[in-house]
Amino acid sequence: MGAVERPPSMKPLLLLDLDGVLRSFPPMPAELAARAFEPSLLRRAITGEITDEQWRQEVGPDFAVTTGGVITEALALVRMARRQCFVALLSNATTRLEVDLATLGLDGEVDAVFNSSRLGLAKPDPAIYRRVLDELGYSTGLFCDDDAENAAAARAAGLDGVHVPDTAALRTALAVRGLIPPTVLLILPDRDEAEELAAELLEAGWGPCAVHRDMLAGEDDAEAVDWVVELTTAPDGLPASAHRAELDDLAEQHDGFTGEG
């Protein structure tokens with residue numbers, strides 16, 4: 001792609017892999033995967049030596065086109081991070097990537113897209129990371145990839161490369177760097193239960209464990225309320241949002257749910 005205008009405010013840069021981070025695919029039969037991802041053939045496809053159509057023709061007629069599916073929880077994290085970050089994708093992809101992003105609605109969810117097949121370079125080549133930084137006008141940024149080798153190569157190129165094998169790891173990476181809000185709200189239906197839980201969490205080292213009433217929108221009945229336990233810091237000193245999965249389970253045990261602070 002061409003040079004991207006440098007963000008005037010120089011927001012923090014969040015650079016993300018696509019597949020395995022924001023998009024998933026159903027399992028592929030082993031024999032088909034062996035043909036499709038044979039290293040030399042795959043490299044030709046993801047560096048633009050051949051088009052997506054040519055790649056599929058070489059693999060065989062049973063290699064059907066699929067756009068995969070958006071990982072909705074990861075997309076929610078990206079939307080939160082984008083409030084304060086310049087968000088870009090860096091994907092080892094074929095010439096079909098841009099069509100897939102438009103079909104999935106992801107083209108409007110990021111500020112820039114870097115497609116290896118357009119650049120003629122592919123991860124983990126350090127040159128691709130330096131190329132992206134140069135085009136965006138950044139000296140560094142956070143890079144998240146579900147492939148550990150790609151994350152390590154990003155670190156070697158001057159990025160804060162983080163291996164995120166799942167969405168929980170992505171959440172933690174963003175939370176500990178202050179790129180998503182630190183606060184999690186435990187929303188429970190019963191006041192006594194909320195206050196008891198807040199006291200238990202405070203004793204365990206969570207903070208601030210403040211409890212407040214949240215009237216349901218549009219309700220006139222004073223009994224139609226939820227009780228909110230506000231958590232910002234976990235006992236290990238990390239933001240509460242880095243422990244979202246644990247807090248989701250805790251809220252469910254008390255017939256409640258969680259929300260963003």
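**Exercise 1. Work out how much surface the protein chain exposes, and which atoms supply it.**

Step 1: the chain exposes about 12,500 Å², an area that comes from the Shrake-Rupley method with a 1.4 Å probe. Step 2: carbon and sulfur atoms supply 51% of that. Step 3: turn to the inside. Of the 261 residues, 46% count as buried, where buried means under 20% relative accessible area (1.4 Å probe, protein chains only).

Before going on, note that this is a predicted model, where local features need pLDDT of at least 70 and side-chain atom pairs count only at pLDDT 80 or more, while totals for chains, interfaces and linings use all residues. Residues are numbered from 1 along each chain as its sequence is written, and side-chain values use heavy atoms, with hydrogens and water left out.

**Exercise 2. Find the order of the strands in the open sheet, and say which ones are its edges.**

Step 1: count the elements. The chain has eleven helices and eleven strands; these are DSSP runs numbered from the N terminus (helices H or I, at least four residues; strands E, at least two). Step 2: five strands line up as β5-β4-β1-β6-β7, with parallel pairing. Two strands pair if DSSP finds at least two bridges between them. Step 3: β5 (112-115) and β7 each pair on one side only, and that makes them the edge strands. Step 4: check one pair. β4 (residues 86-91) joins β5 over four bridges, and serine 91 has asparagine 115 in β5 as its bridge partner.

**Exercise 3. Describe how helix α9 sits on the sheet, and what surrounds its buried residues.**

Step 1: α9 packs on the sheet and touches β1, β6 and β7; contact means heavy atoms within 4.5 Å. Step 2: its direction makes about 170 degrees with that of β6, using lines fitted to C-alpha atoms (for helices, over the stretch in contact) and angles from 0 to 180 degrees between N-to-C directions. Step 3: the buried residues of α9 (167-176) include Leu170, Arg171 and Leu174. Among what covers the buried residues are α4 (72-82) and α11 (244-253). Step 4: look at the ends. A side-chain oxygen of aspartate 166 lies 3.3 Å from the backbone nitrogen of alanine 168, capping the N-terminal end. After α9 comes glycine 178, with a positive phi near 70 degrees.

**Exercise 4. Is serine 241 buried or exposed, and why?**

Step 1: find serine 241 in the loop between β10 (225-233) and α11. Step 2: serine 241 counts as buried because its relative accessibility is 0%. Step 3: leaving aside neighbours within four places in sequence, the contacts of serine 241 include Arg171 and Ala175, both of them buried residues of α9.

Definitions and conventions: Buried < 20%, exposed > 50% of the residue type's maximum accessible area, 1.4 Å probe, protein only. Polar contact = N/O pair within 3.5 Å; in protein donor to acceptor, adjacent residues only side chain to side chain.
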